[in-house]
Amino acid sequence: MHLNTKLIHAGQEPDIQTGAVNVAISVSSTFKQDGVGGFRSGFEYARGGNPSRNSLETTLAAVENGKYGRAFASGLAASSAIIATLNPGDEIIATADIYGGTYRLFTKVYPKYNIKVKWVDSHSAVDILAAITPDTKLIWLETPTNPLLNIIDIAKVAAKKPASVLLVVDNTFASPFFQTPLDLGADLVIHSTTKYISGHSDIIGGAVITNSAELDEALHFQQYANGAVPSPFDCYLTQRGLKTLAVRMERHQSNAYDIAHFLRSHAHVEKVFFVGFTDHPGHAIAKNQMRGFPGMVSFLIKGGRKAADQFFDRVKVFTFAESLGAVESLTCYPYLMTHGGIPEEIKDRIGIADNLIRLSVGIEDINDLLDDLKQALE
Ligand SMILES: *Cc1c(COP(=O)(O)O)cnc(C)c1O
């Protein structure tokens with residue numbers, strides 16, 4: 001099946017007993033056993049798995065072109081499950097402009113267990129590979145990055161890294177509609193399903209997808225042993241959101257394209273970051289590894305922090321809020337929001353300026369979005 005069909009049908013066959021076309025929300029926390037060890041359907045206690053979660057995990061694996069999927073209670077729980085498979089002394093390589101919550105996890109939680117991170121400022125595959133040491137166990141990439149939309153060549157990193165180093169790609173920004181990192185050689189794909197995958201700002205969730213049975217087993221152990229699993233209702237909402245991923249992403253893309261071009265020609269805008277620009281430094285790699293570009297557009301407003309504050313105050317269709325990837329357009333201030341936890345000098349170095357505004361372009365009518373930006377910028 002092709003992606004648009006898998007989104008709607010993979011793991012979602014009509015119910016055998018009733019014919020229901022939607023997967024039931026299976027609320028049972030426990031399952032009857034026929035004597036000791038007599039499991040009827042492989043389910044035992046729902047932390048280990050239940051029909052709602054299994055179904056979602058099948059869909060997630062299918063749409064990322066992977067064999068195995070595991071759903072978690074949040075994107076960070078999914079990330080944490082991967083890191084928890086490491087041992088003291090192991091090292092992670094990550095780019096310095098990584099999502100603020102992942103940065104917090106790497107710098108405030110795991111150093112206590114002597115799991116260290118080596119930060120790389122560059123987005124060149126060569127520089128990332130050069131950071132590998134005998135202790136390196138994971139390379140952790142986001143591409144496009146947040147919020148400056150830098151691009152990293154996934155296939156190049158995957159092809160040149162030693163087999164003992166696993167490549168993790170956080171695919172939250174691209175979504176499987178535009179990018180499938182396992183096809184490019186990544187070992188693990190993670191998602192904050194809170195964003196494009198569920199798409200309606202109504203759940204917090206995460207997922208990990210892989211082709212390795214061994215890694216999948218380690219992740220299942222983390223679900224069971226650490227317990228950061230999603231509720232059956234959240235699984236249902238995520239699966240329901242996924243059904244429309246393709247049509248949503250097409251509209252996100254076309255709206256973002258128009259907005260990026262509008263902003264670029266506006267007198268009050270200093271610079272626009274959008275992967276779809278042919279002169280974006282990562283455009284050629286992006287065109288090679290992505291099938292299109294999501295609704296993320298960032299820009300530098302003229303007039304510094306004061307102008308940014310006025311902009312946030314005046315937008316009406318765009319909502320000033322954290323998060324991204326949902327049907328409604330959002331705008332945020334990375335300097336104090338998504339990247340608020342990152343030290344000042346690092347923000348300076350990686351370009352998170354105090355006049356930087358991030359847009360998550362939604363799927364509303366483009367004319368209303370453009371009118372809103374016009375009046376706010378004036
Ligand atoms: C939001 C986000 C996360 C964290 O996910 P939660 O669901 O908020 O825990 C991780 N990576 C990226 C790129 C994100 O945008």
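The legends below describe close-up views of a predicted model of a protein with a bound ligand. Local features are reported at pLDDT of at least 70 and side-chain atom pairs only at pLDDT 80 or more, while totals for chains, interfaces and linings use all residues. Residues are numbered from 1 along each chain as its sequence is written, and side-chain values use heavy atoms, with hydrogens and water left out.

**View 1. The two domains of the chain.** The protein chain is divided into domain 1 (3-242) and domain 2 (246-377); these bounds come from an automatic or database domain assignment. The C-alpha centres of the two domains lie 26 Å apart. In contact (heavy atoms within 4.5 Å) are 38 residues of domain 1 and 42 residues of domain 2.

**View 2. The area buried between the domains.** About 3,300 Å² is buried between domain 1 and domain 2, and carbon and sulfur atoms give 62% of this area. Buried area is the accessible area (1.4 Å probe) that two parts lose on being put together, summed over both. On the side of domain 1, the residues that lose the most area to domain 2 are Leu148, Phe178 and Tyr196, together 25% of what that side buries.

**View 3. Polar links and elements at the interface.** One salt bridge is found across the interface of domain 1 and domain 2; the term stands for a side-chain nitrogen of Lys or Arg within 4 Å of a carboxyl oxygen of Asp or Glu. Across the interface there are also 17 residue pairs in polar contact, both residues at pLDDT 80 or more. A polar contact is a pair of N or O atoms within 3.5 Å; within protein, one must be able to donate a hydrogen and the other to accept it, and residues adjacent in sequence count only if both atoms are side-chain atoms. Among the elements that give two or more residues to the side of domain 1 that touches domain 2 are helix H4 (100-109) and helix H7 (175-178). H7 gives the most, with four residues. Helices (H or I, at least four residues) and strands (E, at least two) are DSSP runs, numbered from the N terminus.

**View 4. The surroundings of the ligand.** Residues near the ligand (a heavy atom within 4 Å of it) include Ser74, Tyr99, Asp170 and Leu324. A backbone N or O atom of glycine 75 lies 2.9 Å from an oxygen atom of the ligand. Polar side-chain atoms also lie at short range from a ligand oxygen atom: 2.7 Å for threonine 194 and 2.8 Å for lysine 195.

**View 5. Backbone exceptions in two loops.** Most residues other than glycine have a negative phi, and most peptide bonds are trans. A cis peptide bond joins threonine 143 and proline 144, with omega about -5°. Another cis bond joins asparagine 146 and proline 147, with omega about 0°. Proline 144 lies in the loop between strand S4 (136-142) and H6, as does proline 147. Asparagine 65, in the loop between helix H2 (51-63) and strand S1 (68-72), has a positive phi of about 55° although it is not a glycine.
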